[in-house]
Amino acid sequence: MQNSIESDITKVSIEVSTICQLKCPECSTSKGLIKNGLIKSGFLSFEYFKHLIDSNPRIQEVELSNWGEIFLNPEILKIIEYGFESKIKLAAGNGVNFVSVDPKVLEALVKYKFGYLNISIDGASQETYRQYRIGGDFNRVINNINNLNSIKAKYNSEYPKLAWQFIIFGHNEHEIPMVKNMCKKLNMVFNP
């Protein structure tokens, strides 16, 4: 483990999880390119995250998402809490599928002011969503968003800010107006 990164760097992107429960057809993770490549499959440990933050006091922002689902990391709650305690702005702008999120983690996202979630939902119904997000559950994702919004209301918080990432395909483009309406109801930004 290196002691620190370049001292003038204030923003970093790290891999919290290279594991995902979905089998999206064009994803490098589901194709096995990640686990068989340089990155490998697994989770970032809390201890490594803590070491990175403690060794680099100039870091102000950390992107946590990329090739896997961050909410599968068994130490994500500790990572979120430590980021907050260290005054680090955390985000998942590269995308999360939001299928499996522990209720304690939902509360932590609000309580510890997680900055931003870009939630990958390629449909406005299970029928269209499942065509690309193979193994996903549209209703569970929407339920998790509703639960998160309820917690945001309880804490009177705007965090985390939410975006609905929508990859446009021939099979789902007819649902764009429905997605835009759902975004308004769910307090999300439409991100095609």
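Select lysine 154 to begin: this residue is exposed, with a relative accessible area of 58%, where exposed means over 50% relative accessible area, partly exposed lies in between, and buried means under 20%, all with a 1.4 Å probe and protein chains only. Keep in mind that this is a predicted model, in which local features need pLDDT of at least 70 and side-chain atom pairs count only at pLDDT 80 or more, while totals for chains, interfaces and linings use all residues. Residues are numbered from 1 along each chain as its sequence is written, and side-chain values use heavy atoms, with hydrogens and water left out.

**From lysine 154 to its partner**

Now add glutamate 107 to the selection, since glutamate 107 forms a salt bridge with lysine 154, and the closest N and O atoms are 3.3 Å apart; a salt bridge here is a side-chain nitrogen of Lys or Arg within 4 Å of a carboxyl oxygen of Asp or Glu. The pair links distant parts of the chain, with glutamate 107 in helix 3 (residues 103-111) and lysine 154 in helix 5 (residues 138-155), 47 residues apart. Helices (H or I, at least four residues) and strands (E, at least two) are DSSP runs, numbered from the N terminus. Glutamate 107 has a relative accessibility of 26% and therefore counts as partly exposed.

**Two further salt bridges**

Which residue forms a salt bridge with arginine 133? Select aspartate 122, for the closest N and O atoms of these two residues are 2.6 Å apart. Arginine 133 lies in the loop between helix 4 (126-132) and helix 5, and aspartate 122 in the loop between strand 4 (116-120) and helix 4, so the pair ties together parts that are 11 residues apart in sequence. Are arginine 133 and aspartate 122 buried or exposed? Both of these residues are buried.

Move next to lysine 161 and glutamate 158, whose side chains meet in a salt bridge at 3.3 Å, N to O. Lysine 161 is partly exposed, with a relative accessible area of 39%, and glutamate 158, at 46% relative accessibility, also counts as partly exposed. A search of the whole structure finds five salt bridges.

**A cis peptide bond and two positive phi values**

Between glutamate 158 and lysine 161, look at the backbone: the peptide bond from tyrosine 159 to proline 160 is cis, with omega near 0°. Proline 160 lies in the loop between helix 5 and strand 5. Most residues other than glycine have a negative phi, and most peptide bonds are trans.

Select lysine 87 next, which is not a glycine and yet has a positive phi of about 60°. Lysine 87 is found in the loop between helix 2 (76-85) and strand 3 (89-96), and with a relative accessibility of 73% this residue counts as exposed. Then go to lysine 113, where phi is near 50°, a positive value in a residue other than glycine; its place is in the loop between helix 3 and strand 4.

**The strands and their crossovers**

Switch to a cartoon view and select strand 2 (residues 61-63) together with strand 3, which run parallel and are joined by three bridges; two strands pair if DSSP finds at least two bridges between them. Within this pair, glutamate 63 stands opposite alanine 91 in strand 3. The chain crosses from strand 2 through helix 2 to strand 3, and this β-α-β crossover is right-handed, meaning that, with the strands pointing away from the viewer, the path from the first strand over the helix to the second runs clockwise.

Continue to strand 4, which pairs with strand 3 in the parallel sense over three bridges, with alanine 92 standing opposite leucine 117 in strand 4. Strand 3, helix 3 and strand 4 make a right-handed β-α-β unit.

Now select strand 5 (residues 161-165) and strand 6 (residues 188-191), which run parallel and are joined by four bridges. The bridge partner of glutamine 165 in strand 6 is asparagine 191. Follow the chain from strand 5 through helix 6 (residues 176-186) to strand 6 to see another β-α-β crossover, which is right-handed.

**The whole chain**

Finally, show everything: the protein has six helices and six strands, and from the N terminus on, its elements run β-α-β-α-β-α-β-α-α-β-α-β. Buried residues make up 45% of the 192 residues in the protein. Among contacts with a separation of 6 or more, residues 24 or more positions apart account for 76%, where contact means heavy atoms within 4.5 Å.
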